[in-house]
Amino acid sequence: MLAAAPTVAGAAESALPDPQRLQELLERRDFFTLGDLLTALGCKVIDFPHKTECCGSYLTVSAAEATEELSYAILRSAQRAGAQALVTSCPLCQFNLDYRQGAMRRHPGFVPMPVLYFTQLLGLALGLDGEGY
């Protein structure tokens, strides 16, 4: 468990491809979400409007500006909702939301925020020092 309870937002936590399977899981409550994991690690999880928005994924290769704008909207939404950090379950989301922050500095008032892949947060909760994150 984390020593201090950071306020975090989980991005893209509800992306399940098969609606019928999703309905079955919801009826049985036979699953856990990224939010459940974050709560178990001691985080205060908040909801935010862009929680399930796509960061642009592979467009980062051919249309970096598009992923920057999509990622900016997600980060801004999380920050406005009170998040201190954002945790993802998608490696491309983690890359786009974190790496693209350098270009986002051109937006007035932009404040960078930590973006972690969920295994990085798990490592911190298990006592790793986070050096190099």
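Here is a chat about how some labels in this predicted model are earned.

Me: Let's start with glutamine 94. Where is it found?

Reply: Glutamine 94 is in helix 5, which covers residues 91–99.

Me: What makes glutamine 94 count as buried?

Reply: Its relative accessibility is 16%. Buried means under 20%, so glutamine 94 gets that label. As for company, glutamine 94 touches Thr88, Tyr99, Val115, Leu116, Tyr117 and Gln120, leaving aside residues up to four places away in sequence.

Me: Which residues of helix 5 are buried?

Reply: Cys93, Gln94, Asn96 and Leu97. The buried residues of helix 5 pack against helix 3 (59–62), helix 4 (64–80), strand 3 (85–88), helix 6 (101–104), strand 4 (115–117) and helix 7 (118–125).

Me: On to the cysteines. Why is there no bond between the sulfurs of cysteine 55 and cysteine 93?

Reply: A disulfide is a covalent bond between the sulfur atoms of two cysteines. To count here, the two sulfurs must be within 2.5 Å. The closest cysteine sulfur to that of cysteine 55 belongs to cysteine 93, and it is 3.8 Å away, so that's too far for a bond.

Me: And what about cysteine 90?

Reply: For cysteine 90, too, the closest cysteine sulfur is in cysteine 93, at 3.8 Å, which is too far for a bond. The disulfide count comes to zero.

Me: Are cysteine 55 and cysteine 90 buried, partly exposed or exposed?

Reply: Cysteine 55 has a relative accessible area of 1%, so it is buried. Cysteine 90 comes in at 26%; partly exposed runs between 20% and 50%, so cysteine 90 is partly exposed.

Me: How many salt bridges are there?

Reply: The count is three. Side chains of opposite charge can pair when their charged atoms come close.

Me: How do you know that aspartate 47 and lysine 51 form a salt bridge?

Reply: The cut-off is a nitrogen within 4 Å of a carboxyl oxygen, and in this pair the closest N and O atoms are 3.5 Å apart. Aspartate 47 is exposed, with a relative accessible area of 58%, while lysine 51 counts as partly exposed at 21%.

Me: Which side chain does arginine 106 meet at 2.9 Å?

Reply: That of glutamate 68, in a salt bridge. Arginine 106 lies in the loop between helix 6 and strand 4 and glutamate 68 in helix 4, so the pair ties together parts that are 38 residues apart in sequence.

Me: Buried or exposed: what are arginine 106 and glutamate 68?

Reply: Exposed means over 50%, and arginine 106 has 55%, so it is exposed. Glutamate 68, at 7%, counts as buried.

Me: What does glutamate 69 form with arginine 106?

Reply: A salt bridge, with the closest N and O atoms 2.6 Å apart. This pair links distant parts of the chain, 37 residues apart, with glutamate 69 in helix 4. Glutamate 69 counts as partly exposed, at 34% relative accessibility. Because salt bridges share partners, Glu68, Glu69 and Arg106 are joined into one network.

Me: How do you know that the span of helix 4 agrees with what it should be?

Reply: Helix 4 has 17 residues, and at 1.5 Å a residue it should span 24 Å. Its end C-alpha atoms are 24 Å apart, so the two agree. Buried residues in helix 4 include Thr67, Tyr72 and Leu75.

Me: What follows helix 4?

Reply: Glycine 82, whose phi is positive, near 105°.

Terms used
Residues are numbered from 1 along each chain as its sequence is written. This is a predicted model: local features need pLDDT of at least 70, side-chain atom pairs count only at pLDDT 80 or more; totals for chains, interfaces and linings use all residues. Side-chain values use heavy atoms; hydrogens and water are left out. Helices (H or I, at least four residues) and strands (E, at least two) are DSSP runs, numbered from the N terminus. Buried means under 20% relative accessible area, exposed over 50%, partly exposed in between (1.4 Å probe, protein chains only). Contact means heavy atoms within 4.5 Å. The expected span of a helix is 1.5 Å times one less than its number of residues.
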